[in-house]
Structures are given as structure tokens and as C-alpha cells.
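Student: I should like to learn how to read the features of a protein model. May we work through one together?

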Amino acid sequence: MAEPGTSGQKAGGVVTIAPDERPDLETPRDEPAAERRGSDLFEEIEDARGAVRHELDAEIALELRGLSVFYGSFMALDSVSFDVPKQEVTALIGPSGCGKSTLLRCFNRMNDLIPTARMEGSIMFEGRNLLDAGIDSVGIRRRIGMVFQKPNPFPKSIFANVAFGPKINGYKGDMPALVEESLRRAALWDEVKDDLDKSALALSGGQQQRLCIARAIAVQPEIILMDEPASALDPVATLKIEDLMRELAEDYTIIVVTHNMQQAARVSSYTAFLLAGEERTGRLVEFGPTQEIFTNPTDRRTEDYITGRYG
Amino acid sequence: MSGSELALARDEAVWHPRLRARKITGAVFVGLCVLSVALGVAMLAALVIDVSLDGAARLFSAPEFSPSARYSGYALAVIAVLVLLFRLLERRGVRLDGALHPAGLGALTTVGLSRQLPFALPWWVATTIALRIPRALGRLPWIVLAMLLLTWAVYLFLDQTFLTSFASRIPDRAGIYAPLIGTLYMMAITAAVAFPLGVGAAIYLEEYARQNWFSKMIQINIANLAGVPSIVYGLLGLQLFVRAMELERSVLAGALTMALLVMPIIIVSAQEALRAVPPSMREGAYALGATRWQVVWSSVLPFAFGGTLTGTILALSRAIGETAPILVIGGLTFIAFLPESPTDSFTILPIQIFNWVSRPQEDFQLIAAAGIILLLLVLLLMNSAAIILRQRTRVRW
């Protein structure tokens, strides 16, 4: 795609991306990568606030414009703007404390549960701003589901876990069929179909996490947020979750926070890289197709992070 | 990927968000919770007025009051100072369980004053068990103690009519039927009133109330109400239920007073249980589009229920042994009938025991000892029920 610079070769050695799975997104860039590096880099980032970093060819699910998050007087995120493509996996990467999880929790208004949290800017979802005071955050959470870092099934039966969401949302249809379909989609059905009445806590960690994914799917969300969904799992379970994410991306928009860059490279089509400065305020450094971010990043800090020069 | 799209097809006819109904349920619930907290505050205000104004007036500026009224005032003041002192010591980390607790000291005094071992000893044992002093003793002494008491009980209950006879002037015919039924009747109403209000208040304070000076004040007051001597609740009940609400000396008045007495304990223990539910359970439910009420009802309460129930039973087992509030309210000491409706007069076990103890005949004091053991057995039963419930409802995370 773009001319492979030194950075591209380094990153290319680390990650493997199947090119046939990626949409061909030739994106125009205003200036060559080499010219963007230098001492005036930070000023340029300042200037670029509020501007979209990357023009998407794909359909857009969420449009972030100048999104800032405050916890009391502390600014956790500063003016993040990018577009989340529809029915693709978008990865949020960056070192610890850069605001990835904070950003993820803006999408389904989970930050509302923290009394001191305050959000500015806008997240457009189907023509409406998710951050508007008049938006029903409960309704949003049904349409934008979430899977957490640590598997957190309820201490109930497997069936009850999956049926919980539909039940509280007033689902009147065929519950067993919905539970089966959700478990099938989460690639868990064959393992648990005979033990639906058993406690969800008897499952292994990887199975519990897939159960949580099934639970999220059961309410038929349009977007699924995943907060480091595989970080508490072993490599085999991680692989299963990753396969699942790719499969689910055919029907759902998935946004995944991950510490594992190989994972981001393996599962995502688009990647956003966030970084926090000394004052611990997170900023978006770069957003683009995963392949480009990993092989030919425009920002030196992205390259440093991807090649492992950051902590 | 399976092909069956039947269930997952986005068909709005199948999905009824029922948002409005959910909001109304939530609003009613929050209203109830606010009401119960308001009741708590009113309770506090009444206490303050009852004790501070009335009590202080009698203490300091009313020479026309009889000496006995004065002495009771002094006694109240001494109790209050003692309780404050004990609370202060507890704050500094001194454990005041069992015999060192004000109630334990009272029990010890009783032992010291009496020369009648048959009733003094079980009384003291009952008090200390109620205060859970043998926690440090381990299991074996417990079993030995229980065996001894059971043997004693069997010996005393050899006369089967004891449980089924009314009070009588003749020791051989005296039984404990009326106070036993009265106690059960009163405790049933107490539980029915105190449990929902107490748990509702705890849910409101933990899940709904904003953290500000007002909720903090309520919090501190509830913790302090748990330490207020029961006689003060008796005075409050006398004024509020017996006189102001004109319930007379009824089961209902007694039960409501007892409910006030145990509510702070229930609230505090329910709050503890709610706090013990891991935040990931709440987040999981919120992320599925649950309203706050649904999160509380279906995701938090089921897992806090065991702890709440345990706290409630322990609080009720404290109430079952309380004599002072019912004495003040006017529980009868000698009745030969059963309360048939909540507005009937009644008596309870401790009052009947007190009545028997204060008689000069040796025989009545033996009967009192039997009554004490019965009370003790009821207490043991309730505490064991609490322990069993706690074990069975424990949730593994």
C-alpha cells in the first residue's frame, strides 16, 4: 500500500495480517510520514484536535468528535475524534492508564455510574448524540453491549445467565431458542448443551468469558464493547475468543481494548492508538486501518509503541 | 455459525421494552425507601425530643416530681453516660463483648444480687449467649453447655402441662402458654414490619442515596440508634404508639416498638451484605441494559439476601429477650387468655419470668427457671437458624 519505511519493516516482522481479510482502503494522506516527525510533533497534535484523523470508506457506526472525559477535575481523555466503522473489529491500543477503558466506557455510558465522571464532545450513533442528557442510558446499554476483562457470569445457571438480559428487557419470544442461538454464536453451545441448568461458575475461565459474550449477544446489540476480554485467559482460550470476535464482526460492530498488540493485529481491521502524557491525560495519537498502523504508522510514537520501545 | 436466524432476527414485535412500567416500579420502590428513611429520621427526632426535653426537664428543673421519677431520670442519665463510655472504648479498639457489655454487667449484677442459683445462672447464661460471648470458647464448651441445659430443660419440663397452661396463683398449675404465644405473635408482626422497612432503608442508603452530608448524617444516626438502650425505645413507643396513635397496650403497639428497636441493626447488617456484593455483578447487569431497580432486584439482592436474613434473625433474637420496652408499654404480667387480634393485650416470656421471679414462693422461682430455659431454647433455635441460613445461602464467587 504505502511505501514501506524502516518502521514498516520492524512492525511487519512482528505481526502477520491476512491481507485478503482486510478491506482495501487506500487512504489519502496529506503529507509523507517522514515529514511528520520532528520537534513540532506535539504542536501538530494540538492543532489536529477535533479533526477526523482518518476518512473511512466503510459505513460508520459511531462518530466521535472532540470527546473529553473528566473525573472531577482530572482530565482522563482529551478531545478524541475518530469514526468507528460498522461491522468491523476496531482495536483500542496503548499503554496502561492511557484512557482506553475510559473511552470504551463512554460508548455505553458506563461512566455514568461513577458520580464524578463528566463527558464533553459528542458520540454520534444513528444521528443522535449518545452523550446528550436526554438519551436513555439504559436503552443504549441494550443496543451497545459490553464484555468485561474478568469473566463475570452471575452465580446462576448457564441458561439463566443468557436469559437474564432478554428477560429484563421484556423479551416475549421463544426464550430457549434465543438462548441456544446466543450460545451457538458464542461457540459455547456444543460444550454446555447438556448442562444448561448447571451453575455458570462451574465453567472454566474461557468458557465463562464466552458465556459472557453469549449473554451480551442475547439482547441483540448492534455494537459489542470488549474490555481486554482475553487478558485473564490462557492462550488456547484466548485463541477461541479471537476467532469468535472475527466471526461476530460479520454481524456486529466490535470495539476491543487490548494490551496485546499481536491480538490487535490478528483480530482488528482498524486500530486507534492512545497515549497519555505526563499529566496522565489520554490523547488519540493515531487511527487507521490496522495494517497501516502496524506496518507504516504516520506517528513516531505509534511506531515506538508497536516495536516495543514503550514500557 | 448456525443458520437459525429465527430467534435473533430483530423483530420489534417480540421485544417490549416496558420502559415505562419499569420506571414506575422503580419510583414506587424508591418512594418506599425514602419513606422508611424518613421514618428513621422521625424516630430519631422523637427520641431526641422524648429524652432530651422531657428527661432533662424532669432531671433538673422540676422539683414537683416525685423522688422516684427523679431517680429514674438519674438512672437514664447514668445509662446514657455508660453507653457513651462503652462506645468510646469500643472506638479505641477495646472489645466489650459479653460480660463486659452493659447488658452483661446487668446480668452479672443480677447474679450477684440473687441468692437463687436456679434462675440466676440460666439468666446469666442466656444473656451471655445472646451477646455471643462464647464465640471465643470454641465448639466443645458449647456442646457441653447445650447438653447440660437440655438435661435441665427435660427435667423441668417433665410436667408436660407447663407449656400448655395459663398463669396461675398455684405454682403446680402455672404455665407459660400465654406469654409463649404472645412472644411468637409479637415477633411475627415485628419481623413483618422491621424486615421490609429495614432492608428498604439499607437499599436506599447503599444503592440510591447520593453521598452528601444528609445521607452521612442518617448513616451516623442509624449506627448510633443501634446502641440506644431499649428502655428509651420503650418510652418512645409509649408516647408514639400507645398514646399518640391510641393503640393501647396491644400486641401491635409492642410489635411496632420492637420493630423500631431492631430496625437499626437490620439496616446496618443489610448494608454490610449489600456492600459485599462484588461490583462486577452490578456492572454485568448494567451492561445488559438493566435499570437501577432491576440491577438491585435481580442482581444484587439475591446475593445479599443471606447476609441480610442472618442479620435480621440475630436482631430479632435480641428483641425476643428484651423486657424493658414492653414493661414500659404495659405488657400485662398475669393473663389467662390468648391475644386473638393485634389490638388485644398480651404478655411476653421475659415479663412472665420477671413476674414469677418477684414472687416469694420457692416454687415460683423454679418455674421462672423453667421459663428462662424456654427463652434460652428459643434464642438458641433462632441463632442456629441464622447460622444454617448463612451457610446455605452463601454464594461462591
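The dialogue below takes up the chains, the core, the helix packing and a few single residues in turn.

Tutor: Please keep in mind from the start that this is a predicted model. We shall begin with the elements of each chain and then move inward.

Student: How many helices and strands are there in chain A and in chain B?

Tutor: Chain A has 13 helices and 10 strands. Chain B has 14 helices and zero strands. Read from the N terminus, the elements of chain B therefore run α-α-α-α-α-α-α-α-α-α-α-α-α-α.

Student: What percentage of the residues in each chain is buried?

Tutor: The test counts the C-beta atoms around a residue: 20 or more others within 10 Å make it buried, and 12 or fewer make it exposed. In chain A, which has 311 residues, 50% are buried. In chain B, 36% of the 397 residues count as buried.

Student: What share of the contacts joins residues at least 24 apart in sequence?

Tutor: Here one sets aside pairs of residues fewer than 6 apart. Among the remaining contacts in chain A, 73% join residues at least 24 apart. For chain B, contacts between residues 24 or more positions apart also account for 73% of those with a separation of 6 or more.

Student: Which residues have the most contacts inside the largest nonpolar core?

Tutor: They are A:Ile254, B:Val262 and B:Ile266, in a core of 170 residues. Helix α9 of chain B, residues 251–275, supplies the largest share of this core, namely 18 residues.

Student: With which residues is B:Val262 in contact, apart from its neighbours within four places in sequence?

Tutor: B:Val262 touches B:Thr190, B:Ala194, B:Ala315, B:Leu316, B:Arg318 and B:Ala319. Please remember B:Ala315, B:Leu316, B:Arg318 and B:Ala319, as they return when we consider how α9(B) packs against α11(B).

Student: How does one describe two helices that pack together?

Tutor: Two packed helices are described by the angle between their axes and the distance between the axes. The axes of α9(B) and α11(B) come within 8 Å and cross at roughly 150°. An angle over 145 degrees counts as roughly antiparallel, and α9(B) and α11(B) are therefore roughly antiparallel to each other. Their crossing is right-handed. On the α9(B) side the contact includes B:Val262 and B:Ile266, and on the α11(B) side it includes B:Ala315, B:Leu316, B:Arg318 and B:Ala319. By class, the residues of this contact are 13 nonpolar, five polar and two charged.

Student: At what angle does helix α11 of chain B cross helix α14 of chain B?

Tutor: Helix α11 (residues 292–321) and helix α14 (residues 362–392) of chain B cross at roughly 175°, and their axes come within 8 Å. This makes α11(B) roughly antiparallel to α14(B). Among the residues in contact are B:Leu309 and B:Ile313 of α11(B), together with B:Leu379 and B:Met382 of α14(B). The contact has 12 nonpolar, five polar and one charged residues.

Student: Are α9(A) and α10(A) roughly parallel or roughly antiparallel?

Tutor: Helix α9 (residues 205–218) and helix α10 (residues 235–248) of chain A pack at an angle of about 20°, with their axes 9 Å apart. Angles under 35 degrees count as roughly parallel, so α9(A) and α10(A) are roughly parallel to each other. Their crossing is right-handed. The contact involves, among others, A:Gln209 and A:Ile213 of α9(A) and A:Ile241 and A:Leu244 of α10(A). Four of its residues are nonpolar, three are polar and two are charged.

Student: What can the backbone angle phi tell a reader?

Tutor: Most residues other than glycine have a negative phi. A:Arg280 has a positive phi, near 65°, and lies in the loop between β9 (270–276) and β10 (282–289) of chain A. B:Glu246 also has a positive phi, of about 55°, and lies in the loop between α8 (230–244) and α9 of chain B.

Student: Are A:Arg280 and B:Glu246 buried or exposed?

Tutor: A:Arg280 has 12 C-beta neighbours inside 10 Å and so counts as exposed. B:Glu246 is exposed as well, with 9 other C-beta atoms within 10 Å.

Student: How far apart in space are B:Leu35 and B:Ala201?

Tutor: Separation in sequence and separation in space should be read side by side. B:Leu35 and B:Ala201 are 166 residues apart in sequence, and their C-alpha atoms are 8.4 Å apart in space. B:Leu35 is found in helix α1 (residues 19–60) of chain B. With 14 C-beta neighbours inside 10 Å, B:Leu35 counts as partly exposed.

Key: Residues numbered from 1 in each chain as written. Chains lettered and ligands numbered in written order. Predicted model: local features only at pLDDT ≥ 70, side-chain atom pairs only at ≥ 80, totals over all residues. Core = buried A, V, L, I, M, F, W, Y, C linked by C-beta atoms within 7 Å. Helix = DSSP H or I, 4+ residues; strand = E, 2+ residues; numbered from the N terminus. Contact = placed C-beta atoms within 7 Å. Axes fitted to C-alpha atoms, helices over the stretch in contact; angles between N-to-C directions. Parallel < 35°, antiparallel > 145°, perpendicular 65-115°, else oblique. Left-handed = near helix turned anticlockwise from the far one by under 90°. Nonpolar A, V, L, I, M, F, W, Y, C, P; charged D, E, K, R; others polar.
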